[in-house]
Amino acid sequence: MVPSALIDAASLPYRAAGRFAWHFASAKLRHDPFFGHLLAHGLIPDHARILDLGSGQGLLAAWLIGAHAWHRHNAWPERWPAPPVPRSIHGIELTERDVSRARIAMRGHTGYAGQIRFECGDIRETPYPQSDVIVACDVLHYVDAAAQEAILRRVRASLAPDGVLLLRVSDAADGFRAALDRAIDFGVQVARSRRTNRLTCRSIGQWLDLLDALRFQVTTLSMGHGAHAANRLLIARPIPESE
Ligand SMILES: C[S@@+](CC[C@H](N)C(=O)[O-])C[C@H]1O[C@@H](n2cnc3c(N)ncnc32)[C@H](O)[C@@H]1O
């Protein structure tokens with residue numbers, strides 16, 4: 001169970017970025033199990049160089065930095081490992097307004113100046129820095145199939161040998177729940193950025209085949225019941241060249 005006070009603390013810096021940014025952060029951190037799973041399962045190691053593809057308004061950074069600060073002064077959930085201290089977080093995001101919200105929110109975390117960076121760019125073209133953890137949460141379906149594959153190839157090339165890709169996708173084979181995810185994501189895309197790109201979704205089997213072809217070893221984590229039931233977190237680690 002994610003402590004409500006942790007969610008409040010992690011979303012608070014968004015007040016400086018406006019009411020929408022603040023309420024959106026609070027609602028997303030509260031209702032999307034992705035963020036709790038990252039911490040509960042210790043999926044991000046200490047001192048990781050993190051690349052966040054399609055970073056939106058920077059919730060991943062706000063969550064990790066907020067959790068680290070909160071953990072020092074509050075009762076941490078007993079079964080969770082201590083939150084990681086990232087070495088750096090680099091977000092790449094297409095929508096300028098979201099980049100601006102992320103930058104404003106992160107200004108509050110003065111101790112991390114220089115370690116957190118949000119770049120307005122297209123993940124199909126922007127160079128990726130060498131990274132220990134690459135996160136792509138609900139973003140790859142916004143680009144076409146060829147671009148998905150090209151992005152994953154570049155992810156593979158940018159990951160440290162012991163690095164990890166955390167890829168959150170909706171399982172296109174999951175019937176009406178997947179269709180609902182697609183409808184919501186399409187609506188959000190239009191409302192927030194006026195883009196009307198067709199979404200390109202794959203079943204979990206198809207994602208696994210692609211990751212296997214790119215020499216990733218993958219474990220899959222379900223997001224539980226309710227609104228996120230069709231979503232899966234694919235935890236993909238590069239298979240060493242020697243194997
Ligand atoms: C559903 S949101 C998820 C945001 C963030 N990953 C999160 O979990 O809060 C998808 C984000 O991907 C961004 N996006 C879509 N296509 C992109 C591209 N080609 N390059 C960079 N960002 C992109 C959108 O602008 C949007 O902010």
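Me: What radius of gyration does the protein have, set against that of a compact globule?
Reply: This is a predicted model, in which local features need pLDDT of at least 70, side-chain atom pairs count only at pLDDT 80 or more, and totals for chains, interfaces and linings use all residues. The radius of gyration is taken over C-alpha atoms, and the globule rule is 2.2 Å times the number of residues to the power 0.38. For 243 residues, a compact globule would have a radius near 18 Å. The protein agrees with that, because its own value is 17 Å.

Me: What percentage of the residues in the protein is buried?
Reply: A residue is buried if 20 or more other C-beta atoms, placed from the backbone, lie within 10 Å of its own; it is exposed if 12 or fewer do, and partly exposed in between. Of the 243 residues, the buried ones make up 37%.

Me: Which helix gives the most to the largest nonpolar core?
Reply: A nonpolar core is a set of buried Ala, Val, Leu, Ile, Met, Phe, Trp, Tyr and Cys residues joined through C-beta atoms within 7 Å. The largest has 57 residues, and Trp 63, Ile 134, Val 135 and Leu 165 have the most contacts inside it. Helices (H or I, at least four residues) and strands (E, at least two) are DSSP runs, numbered from the N terminus. With eight residues in this core, the top contributor is helix H4.

Me: Which residues does Leu 165 contact, leaving aside its neighbours within four places in sequence?
Reply: Residues are numbered from 1 along each chain as its sequence is written. Two residues are in contact if their C-beta atoms, placed from the backbone, lie within 7 Å. By that rule, the partners of Leu 165 are Ile 134, Val 155, Leu 159, Phe 216 and Ala 236.

Me: Which elements are included in the cover over the buried residues of H3?
Reply: Six of the eight residues of H3 (residues 33-40) are buried. They are Pro 33, Phe 34, Phe 35, Gly 36, Leu 38 and Leu 39. Their cover includes H2, H4, E4, E5 and E7.

Me: Is His 47 buried or exposed?
Reply: His 47 sits in the loop between H3 and strand E1. Its phi is near 60°, a positive value in a residue other than glycine. His 47 has 10 C-beta neighbours inside 10 Å, so it counts as exposed.

Me: How many other C-beta atoms lie within 10 Å of Asp 138?
Reply: Asp 138 is in the loop between E4 and helix H6. Although not a glycine, Asp 138 has a positive phi of about 60°. Asp 138 is partly exposed because the number of other C-beta atoms within 10 Å is 19.

Me: Which residue in E2 stands opposite Leu 53?
Reply: Four of the five residues of E1 are buried, so this strand is largely enclosed by the rest of the structure. Strands pair if DSSP finds at least two bridges between them; E1 and E2 run parallel and are joined by five. Opposite Leu 53 stands Ile 92.

Me: Which residues of the shell around the ligand are the closest?
Reply: A residue is near a molecule if its C-beta atom, placed from the backbone, lies within 6 Å of it. Strand E2 and helix H7 each supply at least two residues of the shell. Of the 19 residues that surround the ligand, the closest are Gly 54, Gly 56, Leu 94, Cys 137 and Tyr 142.
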